[in-house]
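Subject: Structure for you to look at

Hi,

Here is the structure I promised to hand over. Have a look at it first, then read on for what I found in it.

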Amino acid sequence: MLGNKAILGKLDMMPNEIKRRLTITEVAQIVGISAKTIVRWEKMGKIKKPKRDWRSWRVYDENDLIQIRQLHEILIEVE
């Protein structure tokens, strides 16, 4: 499992404009889950609702990514 430093390390390899704003697809790929899972967790209240851009697309930052990764790790440990 990747820790927060490993996640942020992956972000360091990305251009700055991507580091500040991640799409749901990018977050899903980094964490190793589907975008539908992220949407489901959002609807269930397990994660906070992300900001939206001018197109109403979900936009995630580093803190959102860490929160989603931590939830994923907790759920994996329970299984």
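Let me start with a glycine: G32 is exposed, at a relative accessible area of 57% (exposed is over 50%, buried under 20% and partly exposed in between, using a 1.4 Å probe and protein chains only). G32 sits in the loop between α3 and α4 (helices are DSSP runs of H or I with at least four residues, strands are E runs with at least two, and both are numbered from the N terminus). Its C-alpha lies 8.9 Å from that of R69, with the two positions 37 residues apart in sequence numbering.

Before you go further: this is a predicted model, so local features need pLDDT of at least 70 and side-chain atom pairs count only at pLDDT 80 or more, while totals for chains, interfaces and linings use all residues. Residues are numbered from 1 along each chain as its sequence is written, and side-chain values use heavy atoms, leaving out hydrogens and water.

On confidence, the average pLDDT of the protein is 84, and 75% of the residues score at least 70 (pLDDT is the predictor's confidence in each residue, from 0 to 100). Helix α4 has the highest confidence, at 97, and helix α2 (residues 16-20) the lowest, at a mean of 56. Where pLDDT is low, the predicted coordinates should not be read in detail.

As for the layout, the protein has 5 helices and 2 strands, in the order α-α-α-α-β-β-α along the sequence. Of its 79 residues, 34% count as buried.

Now the helix pair on either side of that glycine. The axes of α3 (residues 24-31) and α4 (residues 35-44) come within 8 Å and cross at roughly 105° (axes are lines fitted to C-alpha atoms, for helices over the stretch in contact, with angles from 0 to 180 degrees between N-to-C directions). The two helices are therefore roughly perpendicular to each other (65 to 115 degrees; under 35 is roughly parallel, over 145 roughly antiparallel and the rest oblique). I24, V27 and A28 of α3 meet A35, I38 and V39 of α4 (contact means heavy atoms within 4.5 Å). That makes 6 nonpolar residues, no polar and no charged ones (Ala, Val, Leu, Ile, Met, Phe, Trp, Tyr, Cys and Pro count as nonpolar, Asp, Glu, Lys and Arg as charged, and the others, Gly among them, as polar).

What about the core? The largest nonpolar one has 14 residues, and V27, I38, Y60 and I68 make the most contacts inside it (such a core is a set of buried Ala, Val, Leu, Ile, Met, Phe, Trp, Tyr and Cys residues joined through side-chain atoms within 4.5 Å). Helices α3, α4 and α5 (62-78) each give two or more residues to this core, and α3 has the largest share, with 5. Leaving aside residues up to four places away in sequence, I68 touches V27, V31, I33, I38, W41, I47 and Y60.

One last spot to check is S56, in the loop between β1 (51-52) and β2 (58-59). Its phi is near 70°, a positive value in a residue other than glycine. At 46% relative accessibility, S56 counts as partly exposed.

Cheers
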